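Biologist: I would like to go through this model and ask how each label is earned. Please show it first.

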Amino acid sequence: GVIAYVAVLVAIPLLSLVEVGFADGASAFLARIGAPTARAALWLTTWTALLVGVSNVVLGTATAWVLVRYRLWGRSLLSALVDLPLAIPTLVAGVMLAVLYGPSSVAGDALSAFGVEVVFARPGILLALLFVTLPFVVRAVEPLLAEIDPAEEEAAIVLGAGPVRTFRTVFLPVILPAALSGGIRSVGRALGEFGSIVVIAGNVPGETLTAPVYVFGEIESGAPGAAAATSIGLLALALLLHGVAWAVEQRTGARGAS
């Protein structure tokens, strides 16, 4: 029963995708995925997702540090805001960002004065992806920081370690695997983001058209082969990231066991 359930939800759709993508042969698949618009969309999706993953590793770790180490006023509210992207539809997130940074908004006008366009431009894509992936690193690192014995930090300070060295020797070895794993999962999430991007990006081919939006457009245009080929490219990237995240988690578990 369980095998049939997983097969219906995962295996059969994946096999159908591969069948459609390669229905006209490998050469047609390569031609479709190598078309200028598809290639540009895949490249835009890949580098923005990677940039968001790296940013989340740094900023997400810093956010978790503040939540665990400081008893600030409004800390509970800050913690709730971290989970907000998981509670609202991503389409709503795109609308919120478009309203906040649109051409007729105060923030949009101020940024336009400096030549910075957010909505219908690549910065808008990055903002949307950062929003929807915010919780991944924070929630992965936060419990590990909370479990670190304060005596270890005190021992490092007594031995003469400064704040930077204390963080590097006491905290970083514990939280780094979780931060990397969360960052990788952020990349995977960003690769498939559609709802917020379709609102804020402008979807200009070769400029702001991401791969998920391109796939949607090809389906609407009656070109399932091109949509399937691009989807297979995204799927391959996602599976690669999943494997890397699994390897990081396994290595972390092995260290913990030893």
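Biologist: Which residues touch the most other members of the largest nonpolar core?

Modeller: This is a predicted model, and its largest nonpolar core has 32 residues. Ile125, Leu129, Ile197 and Tyr214 touch the most other members. Several helices supply at least two residues each, among them α3 (36-69), α10 (163-191) and α13 (224-257). The largest share, seven residues, comes from α13.

Biologist: What does Tyr214 touch, leaving out residues up to four places away in sequence?

Modeller: Tyr214 touches Thr37, Ala38, Ala41, Leu209, Ala226 and Thr230. Contact here means heavy atoms within 4.5 Å.

Biologist: Which residues belong to the second core?

Modeller: That separate core has 17 residues, including Leu67, Val82, Val141 and Val170.

Biologist: Why is the pair of Glu153 and Arg69 called a salt bridge?

Modeller: The closest N and O atoms of the two residues are 2.8 Å apart. The cut-off is 4 Å, so the pair counts as a salt bridge. The structure holds five salt bridges.

Biologist: What makes this pair a tie between parts that are 84 residues apart in sequence?

Modeller: Glu153 lies in helix α9 (residues 150-158) and Arg69 in helix α3, so the salt bridge ties those parts together.

Biologist: How do you know whether Glu153 and Arg69 are buried or partly exposed?

Modeller: Buried means under 20% relative accessible area. Glu153 is at 17%, so Glu153 counts as buried. Arg69 is at 34%, which lies between 20% and 50%, so Arg69 counts as partly exposed.

Biologist: What makes Asp83 and Arg139 a salt bridge?

Modeller: Their closest N and O atoms are 2.9 Å apart, and the limit is 4 Å. Asp83 lies in helix α4 (residues 75-87) and Arg139 in helix α8 (residues 134-147), so the pair ties together parts that are 56 residues apart in sequence. Asp83, at 32%, counts as partly exposed, and Arg139, at 25%, also counts as partly exposed.

Biologist: Which residues form a network of salt bridges?

Modeller: Asp83, Arg139 and Glu142 are joined into one network by salt bridges that share partners. The side chains of Glu142 and Arg139 meet at 2.4 Å, N to O. Glu142 and Arg139 are three residues apart in helix α8, so about one helical turn separates them. Glu142 is at 16% relative accessibility and therefore counts as buried.

Biologist: How many aromatic pairs are there, and why is the pair of Trp65 and Phe167 called edge-to-face?

Modeller: The count comes to five. For Trp65 and Phe167, the ring centres are 5.4 Å apart and the planes are at 75°. The centres must lie within 6.5 Å and the planes must be over 60 degrees apart, so the pair is edge-to-face. Trp65 lies in helix α3 and Phe167 in helix α10, so the pair ties together parts that are 102 residues apart in sequence. At 19%, Trp65 counts as buried, whereas Phe167, at 27%, counts as partly exposed.

Biologist: Why is the pair of Phe167 and Phe171 called stacked?

Modeller: The centres are 6.3 Å apart and the planes are at 25°. The planes are under 30 degrees apart, so the pair counts as stacked. Phe167 and Phe171 both lie in helix α10, four residues apart, about one turn of the helix. Phe171 is at 3% relative accessibility and counts as buried. Ring pairs link Trp65, Phe167 and Phe171 into a cluster.

Notes:
Residues numbered from 1 in each chain as written. Predicted model: local features only at pLDDT ≥ 70, side-chain atom pairs only at ≥ 80, totals over all residues. Heavy atoms only, no water. Core = buried A, V, L, I, M, F, W, Y, C linked by side-chain atoms within 4.5 Å. Buried < 20%, exposed > 50% of the residue type's maximum accessible area, 1.4 Å probe, protein only. Phe/Tyr/Trp six-rings, centres within 6.5 Å; stacked < 30°, edge-to-face > 60°.
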